[in-house]
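Work through the following exercises with the sequence and the structure at hand, and try each task before reading its solution.

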Amino acid sequence: MLWIVINLFTTLNMSFLGYRVYRVASGSMEPNRRINDVVIIKKQDNYTINDIVTYKKNGNYITHRIVQENKDVITTKGDNNNSEDESILKNDIVGKVIYRFKLIGFVLFMLSEPSSWIVIFVVCIILIFTIPVKFEKGGKDEGKTPKKKS
């Protein structure tokens, strides 16, 4: 059930009480944030250097660390990148990362792929036909008619 809610929030870019959920799509923040990690972000009034934030640029959501701040102009950089990103405006920031789920993103990603469902189905069929199941008919006295006492 939890994966359905998280998948719904990440797919539809929904907000609940100011919180948003995103899946990390690249390795630019490794080793701190890995591909398919799920991050929860929340809009803040202020952001400071070293905050990990998610911002929107050219229709894409990017999660990087703030490395410079000059009033309303922010510069970010992926921990695993060699160079800084183009500067953005503070208004472009969707929110600060406040929590990360390490493995849930991988599970969500796998469950959203049709090929994964085919694999799960095939594995279930194989298990059904290969696991020996022993069925016994009735009890000890099956097939015997009770003797009448005289």
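**Exercise 1. Task:** Find which residues lie nearest the centre of the largest pocket, and describe its lining.

**Solution.** Step one is to name the residues: the largest pocket is lined by 14 residues, and Arg23, Val24, Ala25, Tyr61 and Ile62 lie nearest its centre. A pocket here is an open set of points on a 1 Å grid over the protein atoms alone, where a 1.4 Å probe fits and protein lies on both sides within 12 Å along at least five of seven lines, and lining residues have an atom within 4 Å of a point. The model is predicted, and while local features need pLDDT of at least 70 and side-chain atom pairs count only at pLDDT 80 or more, totals for chains, interfaces and linings use all residues. Residues are numbered from 1 along each chain as its sequence is written, and side-chain values use heavy atoms, with hydrogens and water left out.

Step two is to trace the lining to its elements: β2 (19-23) and β5 (60-70) each supply at least two residues, and β5 gives the largest share, namely four residues. Strands are DSSP runs of E with at least two residues, helices are runs of H or I with at least four, and both are numbered from the N terminus.

Step three is to sort the lining by class, which gives seven nonpolar, six polar and one charged residues. The space in this pocket comes to about 240 Å³, where a volume is the space filled by probe spheres set on the grid points, joined across faces, edges and corners.

**Exercise 2. Task:** Work out which parts of the chain the salt bridge between arginine 100 and aspartate 37 ties together.

**Solution.** Begin with the contact itself: the closest N and O atoms of arginine 100 and aspartate 37 are 3.0 Å apart, and a salt bridge requires a side-chain nitrogen of Lys or Arg within 4 Å of a carboxyl oxygen of Asp or Glu. Next, locate both partners: arginine 100 belongs to strand β8 (residues 93-101) and aspartate 37 to the loop between β2 and β3 (38-42), so the pair ties together parts that are 63 residues apart in sequence.

Finally, compare their cover, taking buried as under 20% relative accessible area, exposed as over 50%, and partly exposed as in between (1.4 Å probe, protein chains only). Aspartate 37 counts as buried because its relative accessibility is 3%, whereas arginine 100, at 22%, counts as partly exposed.

**Exercise 3. Task:** Decide whether glutamate 86 is buried or exposed, and find where its salt-bridge partner, lysine 57, lies.

**Solution.** First, glutamate 86 has a relative accessibility of 62%, so it counts as exposed. Second, the side chains of glutamate 86 and lysine 57 meet in a salt bridge of 3.7 Å, N to O. Third, lysine 57 lies in strand β4 (residues 52-57) and glutamate 86 in the loop between β6 (73-77) and β7 (88-89), so this pair ties together parts that are 29 residues apart in sequence. Lysine 57 has a relative accessible area of 22% and is therefore partly exposed.

**Exercise 4. Task:** Describe how the elements of the protein chain are ordered.

**Solution.** Count them to begin with: the protein chain has three helices and eight strands. Then read from the N terminus on, where the order is α-β-β-β-β-β-β-β-β-α-α. One of the helices is α3 (residues 114-130), which holds isoleucine 126, and this residue is partly exposed because its relative accessible area is 48%.

Conventions
Nonpolar A, V, L, I, M, F, W, Y, C, P; charged D, E, K, R; others polar.
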